[in-house]
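Here are some short exercises to work through with the model open beside you. Try each task yourself before reading its solution.

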Amino acid sequence: MTNAGVPAFVTLKKENDVLKRFALAALMALGFAAAIAATSPHADAGLFGGKPAASPTPSASPSPLPTASPEPPSVAIPRLQAKLKANPNDQQALVELAGQFLGINRPDLAVQVTQHLLQLGNKTAQVYYLDGYSQQQLGNIPAAVADLEQASNLDPTNLGVLGELSTLYLRTNRPADAERIANRAVTFNPKEPQAYSALGAVYGAEQKWDQARAEFEKAYALDPKSPQPLYEITQTWAQQNNIPMALQAVDRAIAVSPKDVDLLTLKADLYARQHDDAHASSAYDDAFVAATTDDEKVAILVRKAAYFSGEKKPAQATAVFQQLLAQFPKNAQARVAYGDYFASQKNITSAQQQWQLALGLDPNNGPALLSLGQVALGENKITDAIGYLKRLTAAAPDAQGFALLGQAYFASHDYNGQRDACSKSFQIQRSPQTLGCIAGADFELKNYKEASQIFDVLDKAAPQFLTAQPEYLFMAGKAYQQTNQRDKALHAYRRVLPLMKRGSPLYKQVVSAIAQLSKPLPAKKKKG
């Protein structure tokens, strides 16, 4: 959620999208409350449903599977890996390991485990759910939908499964199916507030605001000690840009949970959308007082500074940052935020100074390494960029970091490095961009067979991507030509020609290639 009045350099802790919030609660319904960090403290933790039933009936006394481990991932993962080394087919350990990998945001590793479980014949609703969630995080939505459909067939009343499946149906433009599944959750779980929240989330995504609020009110009536449904109602009013009604709703939520930092921050953000300096500032201060950790307090002051920055009041923004640094001189995130502020003001030198100071406090700070790597790339300081991005991907492997590292290797003509980095990015999050990066590296390495195979996949799965990237179409034509795939080469060249500058050397090269490939093939000599 990015509120008007709060600049884009600030990332909100809470998601605006009610569906995203329910997806997190749905995941927790499978017993991962400790293993997977939900962004909302209000997400209701349910329990995983029981055995498949012959006819749909509410799961009675479900048990959490897998049991959430009290161990941190740094302890639990090596322990489970050692257990699996002794017995690679220990299915309970595999299930727990998949949950741990999801907990550290590594769906690429989780999906390897869940696929192994499926190959072992463990085709339970739980395993399908875990595989589906992993596939969704990797961007493989068709596989995710298929998995969640299997899970819902095996456990047709499970709230976690049904909530996630309805979310996926909305993502694939199947609103009728999303409503059907969410209504099923309500039908078989009439006393569960999460069921009504799921249906409200579907209505909210369809912008059926009154219906959404009605369902959230039902959820609140079932659990009046939880501010979560009232938070969702607040968001519906905010999405309609009815800030006075949103403020009334958030006040109801705060009355239920007066020290809830997220709700107090949301109230401040709503005042920010009204450009109300006095009320916004006071509300941010209330949230700051309620916060119990340094990181929470830093985040709130950053939001307050961001508000004044967005209002074109740099003196007030600077004053808040000075307060921030005076109170939290050893907090790396405070320095990162100040650097981001300078970057938003196009003061890159000062931004880099703050990011470097953040690294002095925390040498593996991901946001600082990422920002410094991006700036170095933009300034064509490729060696520096590679250094920062290698540190980033070693400390906190993620798709964006590896993709940027691949870009840096490309700029340095290190195509083996480019291929390796982009392959790792693709393993974490599948996207046409990173797949194109791999194909481009193969092309430069003269691995024309591998490049042409990837271009086949791209052209089938994302033809618009190739059309929007003429350089890849040109590479595809050359790769097909080098592997004697005449028709494919011609097709690629004819597609790219209108996208090129007429009369340029490459244009002439493509015209020549089309002419050459269009010549009739020599007749084969008859034997004997």
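The exercises below use a predicted model and go from the whole chain to single residues.

**Exercise 1. The chain as a whole**

Find how many helices and strands the chain has, and what share of its residues is buried.

Solution. Start with the secondary structure: the chain has 28 helices and 0 strands. Next, turn to burial: of the 528 residues, 52% are buried. Finally, look at contacts between residues at least 6 apart in sequence: 51% of them join residues at least 24 apart.

**Exercise 2. The nonpolar cores**

Work out which residues touch the most other members of the largest nonpolar core, and which helix gives the most to this core.

Solution. The largest nonpolar core has 115 residues, and within it Leu270 and Leu324 touch the most other members. Helix H13, residues 261-273, gives the most to this core, with 8 residues. Now select Leu270 and leave out residues up to four places away in sequence: Leu270 then touches Thr234, Ala238, Ile243, Ala246, Leu247 and Val250. There is also a second, separate core of 33 residues, and among its members are Ile438, Leu490, Ala492 and Ile514.

**Exercise 3. Packing of H19 and H20**

Decide how helix H19 and helix H20 run relative to each other: roughly parallel or roughly antiparallel?

Solution. Two numbers are needed here, the angle between the axes and the distance between the axes. For H19 (residues 366-378) and H20 (residues 382-395), the angle is about 160 degrees and the axes are 8 Å apart. Angles over 145 degrees count as roughly antiparallel, so H19 and H20 are roughly antiparallel to each other. The crossing of H19 with H20 is left-handed. On the H19 side the contact includes Leu369, Leu370 and Gly373, and on the H20 side it includes Ala385, Tyr388 and Leu392. By class, the residues of this contact are 10 nonpolar, 2 polar and 2 charged.

**Exercise 4. Packing of H5 and H6**

Repeat the analysis for H5 and H6, and find which hand their crossing has.

Solution. The axes of H5 (residues 125-137) and H6 (residues 141-154) come within 8 Å and cross at roughly 160 degrees. That makes H5 roughly antiparallel to H6. The crossing of H5 and H6 is left-handed. Residues of H5 that meet H6 include Tyr128, Tyr129, Gly132 and Gln136, while H6 brings residues including Ala144, Asp147, Leu148 and Ala151. Sorted by class, the contact has 10 nonpolar, 4 polar and 2 charged residues.

**Exercise 5. Two asparagines in loops**

Find where Asn241 and Asn484 lie in the chain, and what sign phi has at each.

Solution. Recall first that most residues other than glycine have a negative phi. Asn241 is not a glycine, yet its phi is positive, about 65 degrees. Asn241 sits in the loop between helix H11 (228-239) and helix H12 (243-256). With a relative accessible area of 55%, Asn241 is exposed. Asn484 also has a positive phi, about 60 degrees. Asn484 lies in the loop between helix H26 (470-482) and helix H27 (486-496). Its relative accessibility is 72%, so Asn484 counts as exposed.

**Exercise 6. One alanine in a helix**

Determine whether Ala201 is buried or exposed.

Solution. Begin by placing Ala201 in helix H9, residues 193-205. The cut-off for buried is under 20% relative accessible area. Ala201 has 1%, so Ala201 is buried. To finish, check its distance from Ala182, 19 residues apart along the chain: the C-alpha atoms of the two are separated by 9.0 Å.

Key: Residues are numbered from 1 along each chain as its sequence is written. This is a predicted model: local features need pLDDT of at least 70, side-chain atom pairs count only at pLDDT 80 or more; totals for chains, interfaces and linings use all residues. Side-chain values use heavy atoms; hydrogens and water are left out. Helices (H or I, at least four residues) and strands (E, at least two) are DSSP runs, numbered from the N terminus. Buried means under 20% relative accessible area, exposed over 50%, partly exposed in between (1.4 Å probe, protein chains only). Axes are lines fitted to C-alpha atoms, for helices over the stretch in contact, and angles run from 0 to 180 degrees between N-to-C directions. Angles under 35 degrees count as roughly parallel, over 145 as roughly antiparallel, 65 to 115 as roughly perpendicular and the rest as oblique. A crossing is left-handed if the near helix is turned anticlockwise from the far one by less than a right angle, and right-handed if clockwise. Contact means heavy atoms within 4.5 Å. Ala, Val, Leu, Ile, Met, Phe, Trp, Tyr, Cys and Pro count as nonpolar, Asp, Glu, Lys and Arg as charged, and the others, Gly among them, as polar. A nonpolar core is a set of buried Ala, Val, Leu, Ile, Met, Phe, Trp, Tyr and Cys residues joined through side-chain atoms within 4.5 Å.
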